Amino acid sequence: MGRSSWDEYFMDIALVVATRSTCPRKHVGSVIVRDKTILSTGYNGSIRGLPHCDDIGHDLEGGHCVATIHAEANAIAQAARHGVPVKGATLYVTLEPCYVCVKLLATAQIEAVFFELPYESRDELRDTYWKEAVAEAGFREYRQLTVSPEALEAILRSLTAPTSTRRLPATKGTGESRFIGAVEPD
């Protein structure tokens with residue numbers, strides 16, 4: 001397998017970000033990118049500083065956990081907290097944004113959205129509004145981007161392989177190290 005495309009690379013990172021999720025119902029990760037540079041990441045979980053679903057359980061209303069902040073919202077909030085503008089950026093997210101997140105992304109002027117898995121709300125009326133919101137949001141691009149099993153396999157192989165190999169023989173130390181690192185202190 002060759003080198004990943006930029007889109008695949010950022011979706012791979014969104015998958016890793018999803019591992020930080022604190023809502024066991026669905027692990028979702030997102031990455032906001034502009035000019036091939038990561039601006040922010042987010043995952044679904046509780047409000048900062050509050051107990052997490054995986055610790056205290058879910059606060060369900062209509063089949064949805066209302067205590068959970070979605071990955072997209074957390075990524076936008078993280079960028080805002082650090083003064084990073086997201087206008088014109090691209091979002092990579094492991095689950096297609098819901099109706100509320102589509103509106104949030106459009107308001108934040110995210111230009112493109114790539115998602116790995118399609119969103120299934122099972123609410124016909126809400127889905128109608130959601131599809132209209134996607135159409136009206138003016139995204140330059142909005143589409144599914146699935147990470148292939150082969151790509152995931154290659155990532156796992158690379159994570160367990162050595163990151164570098166020594167080309168020169170190791171130097172012998174004097175055994176009297178007075179400092180740690182590459183620079184001797186003043």
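Start by selecting strand E5 (residues 90-95) and strand E6 (residues 112-117), which pair in the parallel sense over five bridges. The model on screen is predicted. At the end of E5, pick Leu 95 and look across to E6, where the bridge partner is Leu 117.

Next, widen the selection to the sheet that holds these strands. Five strands make up an open sheet with mixed pairing, in the order E2-E1-E5-E6-E7. Go to the two edges: strand E2 (37-43) and strand E7 (141-144) each pair on one side only. Between neighbouring strands of this sheet the turn is 15° on average, with direction ignored.

Now move to helix H4 (residues 99-107) and show the side chains of Cys 101, Val 102 and Leu 105, which are buried. On which side of H4 do they lie? Their arc around the axis is only 105°, so they sit on the same side of H4. To see what covers the buried residues of H4, add the surrounding elements: among them are helix H3 (71-81), helix H5 (124-137) and the strands E5, E6 and E7. Then step just past the end of H4 to Gln 109, where phi is positive, at about 65°.

The last part of the tour concerns aromatic side chains. The model has nine aromatic pairs. One of them joins Trp 6 and Tyr 9, an edge-to-face pair with 5.6 Å centre to centre and 90° between the planes. Select helix H1 (residues 6-18) to place this pair: Trp 6 and Tyr 9 are three residues apart there, which means about one helical turn separates them. A general point applies here: an α-helix has 3.6 residues a turn, so residues three or four places apart point the same way.

Colour the two residues by accessibility. Trp 6 is partly exposed, with a relative accessible area of 42%, and Tyr 9 is also partly exposed, at 40%. Tyr 9 takes part in a further pair, with Phe 10: the ring centres are 5.0 Å apart and the planes stand at 65°, so this pair is edge-to-face. Is Phe 10 buried or exposed? Phe 10 is buried, with a relative accessible area of 2%.

Finish by adding Tyr 92 and Phe 114 to the selection. Together with Trp 6, Tyr 9 and Phe 10, these residues form one aromatic cluster. The numbering leads back to the starting point, with E5 covering residues 90-95 and E6 covering residues 112-117.

Terms used. Residues numbered from 1 in each chain as written. Predicted model: local features only at pLDDT ≥ 70, side-chain atom pairs only at ≥ 80, totals over all residues. Heavy atoms only, no water. Phe/Tyr/Trp six-rings, centres within 6.5 Å; stacked < 30°, edge-to-face > 60°. Helix = DSSP H or I, 4+ residues; strand = E, 2+ residues; numbered from the N terminus. Buried < 20%, exposed > 50% of the residue type's maximum accessible area, 1.4 Å probe, protein only. Pairing = 2+ DSSP bridges. Axes fitted to C-alpha atoms, helices over the stretch in contact; angles between N-to-C directions. Arc of directions from axis to C-beta. Contact = heavy atoms within 4.5 Å.
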